[in-house]
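Biologist: Before I rely on the labels attached to this protein, I would like to hear what stands behind each of them. Could we look at it together and set values against cut-offs?

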Amino acid sequence: MNPNSSTKERPNRTRDTEWRRLLPGQRARLMVFDLATRSSMCVFETEDFVIEAPNWTPDGTGLVFNCDGLLYRTAPQEDSQPRVVFTGAVTDSNNDHVVSMDGRFLYVSSQDGHLYRVPLCGGEARRVTRPGDGLDARYLHGVSPDGGTLVHIGGRRRQDRMTFNIYAVRVEDGSTRQLTDSERPHDGVEYSPDGRWLYFNSERASAEPGHSQLFRMRPDGTGIEQLTFDERVNWFPHPAPDGGSLVYLSYPPGVQGHPANERVLLRVADPDGRNAWDAVEAFGGQGTLNVNSWAPDSRRFAYVTYPVAGG
């Protein structure tokens with residue numbers, strides 16, 4: 001596998017954002033885990049760039065990930081060659097991006113704080129969110145099964161601090177609804193495949209700062225249920241397309257936020273959070289499993305690890 005193969009399709013452009021760099025001796029590895037065999041396969045790796053947050057396309061033929069503000073697509077097989085997805089004027093996409101369930105569109109979060117829609121085959125980006133919605137930042141995590149609504153984390157400044165709650169925005173006109181109202185942070189919100197639930201992580205039930213657990217609620221913000229109750233710090237619950245299981249990122253106790261370069265677990269559980277088991281132990285965190293990465297067969301999911309030589 002050629003670790004420099006991703007450079008072939010990296011366009012020349014001015015670097016407006018200082019993107020995260022790999023540590024000395026570190027690599028980024030795009031992996032696929034198979035639940036049936038409980039084994040992983042490396043799809044692509046590089047020692048030159050940080051790649052993050054794979055999505056699996058609904059037709060099963062592609063994985064989409066971000067790197068230095070650009071989006072790339074590659075095949076879910078060994079020795080695949082990533083290619084840039086043209087996103088028009090938006091060249092500062094972060095690791096909060098999702099693919100619509102019909103496979104037509106890619107929705108991305110820009111460093112300018114707004115959400116955009118781009119054809120998955122490549123094309124000009126169209127802004128979805130409005131500047132006048134009262135938010136200072138927006139981090140995309142989910143799109144409704146019918147493609148009409150995005151759910152995201154909205155950052156709003158209150159006095160001397162930022163609060164992070166869950167919002168829904170209509171793709172058609174950018175109208176926004178606030179679904180939670182808490183001083184405790186929320187993140188990672190996305191729809192269940194049938195549209196009946198929103199899954200997310202939050203510190204809303206903890207007196208200990210940073211102790212994030214998993215939750216779900218109805219799409220109108222009612223019926224909040226806590227799903228995990230352990231000492232670990234749990235992030236980013238992703239329901240499988242068949243609705244039969246979740247995969248999520250689990251940090252050791254005491255970790256604050258969702259940092260990079262930590263020893264983490266990827267756990268698989270029932271939709272209600274029960275019967276969790278450890279699928280993967282890896283060096284990673286930020287970028288490993290930020291967005292839904294299930295294959296359409298609900299048997300496999302993609303993730304990224306960041307091993308360090310000699311570590």
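Modeller: Let us begin with accessibility: a residue is buried under 20% relative accessible area, exposed over 50% and partly exposed in between, with a 1.4 Å probe and protein chains only. By that rule both Asp133 and Arg138 are buried. This is a predicted model, in which local features need pLDDT of at least 70 and side-chain atom pairs count only at pLDDT 80 or more, while totals for chains, interfaces and linings use all residues. Residues are numbered from 1 along each chain as its sequence is written, and side-chain values use heavy atoms, with hydrogens and water left out.

Biologist: What makes Asp133 and Arg138 a salt bridge?

Modeller: A salt bridge requires a side-chain nitrogen of Lys or Arg within 4 Å of a carboxyl oxygen of Asp or Glu, and the side chains of Asp133 and Arg138 meet at 2.7 Å, N to O, so the pair qualifies. The count by this rule comes to 16 salt bridges.

Biologist: Why is Asp34 called buried, and why is Arg299 called partly exposed?

Modeller: Asp34 has a relative accessibility of 13%, which is under the 20% limit, so it counts as buried. Arg299, at 38%, falls between the two limits and is therefore partly exposed. These two residues also form a salt bridge, their closest N and O atoms being 2.8 Å apart. The pair links distant parts of the chain, since Arg299 lies in the loop between strand 22 and strand 23 and Asp34 in strand 1, 265 residues apart; strands here are DSSP runs (E, at least two residues), numbered from the N terminus.

Biologist: How do you know that Cys42 is not in a disulfide?

Modeller: A disulfide is a pair of cysteine sulfur atoms within 2.5 Å, whereas the closest cysteine sulfur to that of Cys42, in Cys67, is 15 Å away, which is too far for a bond. The count by this rule is 0 disulfides. Cys42 is buried, with a relative accessible area of 11%, while Cys121 is exposed, at 74%.

Biologist: What makes strand 21 and strand 22 a pair?

Modeller: Two strands pair if DSSP finds at least two bridges between them, and strand 21 and strand 22 have 7, in the antiparallel sense, so they meet the rule. Leu265 stands opposite Glu281 in strand 22. An open sheet of 4 strands has the order 19-20-21-22, with antiparallel pairing, and its edge strands are strand 19 and strand 22, each pairing on one side only.
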